[in-house]
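Open your viewer and get ready to click along. We will go from one selection to the next and see what is there.

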Amino acid sequence: MRTARSSGLIAVCTAAALLVVLPVPARAQAKRPELQGVWIVNGTRTDNLKLTPEGAAARARYDHLHDDPAMRCIPATFKRVMHTPSPPIEIKLHDDYAEINYEFMDVHRRVPIKAGLAAKDAPYTVPQFPHLGRSAGHWEGDTLVVESTDLKAGLLDSLGDPGLWQSDRMQTVERFVPNGNQMQVIVTMTDPVHFLEPVTTTFNYLKLPDGQLLTWDCVPEEAGYERFNENAPKQPLPQRNAQ
Amino acid sequence: MSRTITVAVCAAWLCLGGAAIAHHSVGINFDNTKAFNLTGVLKEIDIRNPHSQITLTAQGADGVAKDWFIEWSDKNALIRRKVKYEQMKIGDTVTIRVSPSRRLENVGYFQSATLAGGVILRDCGAGALADAVEKGADLDCPQVAR
């Protein structure tokens with residue numbers, strides 16, 4: 001009993017000593033490398049979903065067979081991409097940018113990391129799909145925070161929260177929170193046209209041991225349900241830049 | 001105080017980690033509460049993204065043969081989950097258990113296939129892989145009809 005108590009005291013004292021010895025920035029950055037790797041989603045949750053009348057009306061009009069740009073091989077939003085249950089995402093950290101690669105639709109995102117850089121002044125992070133907006137990243141301790149703006153109006157999600165739409169006033173903040181072999185990506189969405197208050201979706205991820213992304217190679221003619229129903233109406237879609 | 005915060009944070013993490021994906025396209029497009037067997041000849045096998053598609057020529061109750069379009073998991077998922085889809089060959093006679101489309105005729109979602117010789121083929125899905133990764137184990141997907 002006394003030994004156990006002593007061991008506990010030593011552990012507490014050691015931890016306290018480390019807190020004193022290590023400089024604050026080093027402590028704050030210790031877990032950042034844990035974000036690197038290939039991740040599969042393992043549960044999601046959306047909180048505080050309160051739609052404006054316009055948001056509710058848009059959701060009521062949603063047609064799952066025709067409205068998802070994925071039916072044309074176009075990723076609607078990062079929320080839509082991350083809600084796809086099977087294809088993983090990959091994160092690689094560099095000194096001044098993060099690569100976030102999504103297997104779904106072969107989306108390769110390059111987010112600049114620079115304190116003080118506003119999203120509106122940042123580049124489009126996926127040049128192939130400019131409707132996904134401009135993003136700027138910064139660190140808050142071990143959490144990578146990515147703010148995005150200049151997002152195009154259109155479908156927000158067809159999975160998880162099917163039938164949500166966004167306006168071009170949508171702004172998002174994604175927080176990538178490391179925790180060993182787990183990670184959370186907490187997405188806060190602010191869109192006064194469709195949401196009464198900011199909505200939060202939390203994605204829980206597991207690191208895939210020795211995981212690698214595969215190519216998606218989506219072909220529009222094979223992706224939609226029009227292959228079963230050639231007379232189905234087609235919705236206007238975000239522009240996709242030539243590769 | 002700090003212990004309270006720690007416990008609260010851990011509890012929140014566990015709750016969120018246990019949450020399942022509420023919806024996905026299979027549930028939206030297909031009625032998973034129903035399933036039936038189709039026996040016929042494999043006409044086309046397209047293992048691809050975002051959804052694989054199998055065309056099966058099967059005889060209906062009226063005795064007329066028609067094509068059924070059977071949607072399945074994406075190619076990358078089948079590879080990652082080690083589903084041996086290459087065992088299916090065009091021209092083979094197979095029995096495929098499908099869930100019907102909610103809106104489209106002659107369209108179903110693949111649940112399992114019984115191949116010649118009684119070999120069963122199925123994909124246990126993203127949840128099964130996540131469970132295996134979480135346990136540090138290999139994916140265990142019993143090849144039984146469902």
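Which residue in β11(A) is the bridge partner of Met183(A)? Select Met183(A), then look across: the partner is Tyr205(A). Keep in mind as you explore that this is a predicted model.

**The whole chain.** Now select chain A, which has 5 helices and 11 strands. Of its 243 residues, 41% are buried. Among the contacts in chain A with a separation of 6 or more, 61% join residues 24 or more positions apart.

**Strand β11.** Next, select residues 199-207 of chain A, which form strand β11. Because 8 of the 9 residues of this strand are buried, β11 is largely enclosed by the rest of the structure.

**The neighbours of β11.** Add residues 182-190 of chain A, which are strand β10. Strands β10 and β11 pair in the antiparallel sense, over 8 bridges. Then add strand β1, residues 37-47 of chain A. Strand β1 also pairs with β11(A) in the antiparallel sense, here over 7 bridges. To see one spot in this pairing, select Arg45(A), which stands opposite Thr202(A).

**The core.** Go back to Tyr205(A) and add Ile40(A) and Met105(A): of the 56 residues in the largest nonpolar core, these three touch the most other members. What does Ile40(A) touch, leaving aside residues up to four places away in sequence? Its contacts include Pro88(A), Tyr205(A) and Leu206(A), and also Leu129(B), Ala130(B) and Val133(B) in chain B.

**Last stop.** Finish with Ile54(B), Trp72(B), Val98(B) and Phe110(B), which are included in a second, separate core of 15 residues.

Note on methods
Residues numbered from 1 in each chain as written. Chains lettered and ligands numbered in written order. Predicted model: local features only at pLDDT ≥ 70, side-chain atom pairs only at ≥ 80, totals over all residues. Helix = DSSP H or I, 4+ residues; strand = E, 2+ residues; numbered from the N terminus. Buried ≥ 20, exposed ≤ 12 C-beta atoms within 10 Å, placed from the backbone. Contact = placed C-beta atoms within 7 Å. Pairing = 2+ DSSP bridges. Core = buried A, V, L, I, M, F, W, Y, C linked by C-beta atoms within 7 Å.
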